[in-house]
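Here are a few short exercises to work through with the model open in your viewer. Try each task before reading its solution.

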Amino acid sequence: MFMDKLIEKIMEKNNPIVVGLDPQTYLIPQCIIDQYSKEEEPMGEIFWQFNKAVIDAIGQRVPAVKLQIAFYEQWGIEGLKAYQKTIRYAEEKGLMVIGDIKRGDVFSTAQAYASAHLKGPFECHAVTVNPFMGRDSIEPFLSLCKSKEKGIFALVKTSNPSSGEIQNLVADHKPIYRHLAQRVEKWGQDTLGKYGYSAVGAVVAATYPKEAKELREEMPNTFFLVPGYGAQGGRAEDIIHSFDDRGLGAIVNSSRGILGAYMQHKGKEVTLEEFQQSVITATEKMKKELLQALKENNKYQVYTEEEHQKI
Ligand SMILES: O=C(O)c1cc(=O)[nH]c(=O)n1[C@@H]1O[C@H](COP(=O)(O)O)[C@@H](O)[C@H]1O
């Protein structure tokens, strides 16, 4: 069951972080660009080498990676080959892999999306889905959650500045995001795992802590994927409400905050080792911030004594 495996990885690594493998070109160190720019498919090779360097640096330290497919799609076939190769490599390294595809369409089209991303060429452990079109647009993903132990994370309260334009509109006396929450919670009910979370998760942003608190209460069996930490302004104190009392219930994403940390100190001219060290340092710093906030709020049960002492 996907969510059980994710939770067990989080506990094994003592770390509720998912690193975003979003290779925007400005984030890529010059040494990688110089070395691979003469390849036949240079951007594909550069993205792949960049991702491999990141996975080699943090593969032992974090439970999961998330790949936002748009950053690959914009480079066409070579970008998608890098996407595919990265998924396989991350999986080989024992990481849980989330494909951030935000799909959703009429049933027959959703079937094709689900087939491509949960069992076909781009098979991941879980994907993000857009529930705007309703239950039938999610159904094909749900059936693979059951038959292939996959997971999904449905958009409920997103991190962007305009997310309230629709998600916070009030209908039947409550905001749309709470209507979405009720449905997402229900969609997962027949896939509950041993930690009380279903295979159907929700995207609940770090940038809206008040809403996250309401949603944690509204969705007791729904695991949260929390984007918006760091680069978009989310802080450790903002993600606390997304966790349950054990310290489970959420995994927090950072992409630019981790991949681009090296640029603050060194600019683009770093060695590969310096880049990898900066990825490790940024991940460890984020972990410390999160675990400290969890500890201060007595949401720390699942983390080990050894980790307690480090904080
Ligand atoms: O589904 C997501 O992951 C997601 C939802 C959301 O509401 N906001 C959001 O930023 N994301 C994704 O999370 C990542 C955030 O990246 P950083 O802001 O660089 O940490 C990107 O891949 C976004 O596409």
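**Exercise 1. Find where Ala206 sits in the fold, and decide whether Ala206 is buried or exposed.**

Start with the chain: Ala206 lies in the loop that joins β8 (200-204) to α10 (209-218). Bear in mind that this is a predicted model. Next, count neighbours: Ala206 has 26 C-beta neighbours inside 10 Å. The cut-off for a buried residue is 20 or more, so Ala206 counts as buried.

**Exercise 2. Work out which residues Ala206 contacts beyond its neighbours within four places in sequence.**

Set those sequence neighbours aside, and the contacts of Ala206 include Ser159, Val226, Pro227, Gly228 and Tyr229. Carry on along the chain and you also meet Gly234, Asp238, Ile239 and Val252. Now pick Ile239: it is 33 residues from Ala206 along the chain, yet their C-alpha atoms are 5.5 Å apart.

**Exercise 3. Describe the shell around the ligand: how many residues, of which classes, and from which elements?**

First, the count: the ligand is surrounded by 19 residues, and the closest are Gln68, Thr158, Pro227, Ser255 and Arg256. Pro227 is also a contact of Ala206. Then sort by class: 12 are polar, 4 nonpolar and 3 charged. Finally, the elements: β10 (250-254) and α12 (256-259) each contribute at least two shell residues.

**Exercise 4. Judge how compact the protein is for its 311 residues.**

Begin with the 15 helices and 10 strands of the protein. Its radius of gyration is 19 Å, close to the 19 Å from the globule rule, so the protein is as compact as a globular protein of that length. To round off, 50% of its residues count as buried.

Note on methods: Residues numbered from 1 in each chain as written. Predicted model: local features only at pLDDT ≥ 70, side-chain atom pairs only at ≥ 80, totals over all residues. Near = placed C-beta within 6 Å. Helix = DSSP H or I, 4+ residues; strand = E, 2+ residues; numbered from the N terminus. Nonpolar A, V, L, I, M, F, W, Y, C, P; charged D, E, K, R; others polar. Rg over C-alpha atoms; globule rule 2.2 N^0.38 Å. Buried ≥ 20, exposed ≤ 12 C-beta atoms within 10 Å, placed from the backbone. Contact = placed C-beta atoms within 7 Å.
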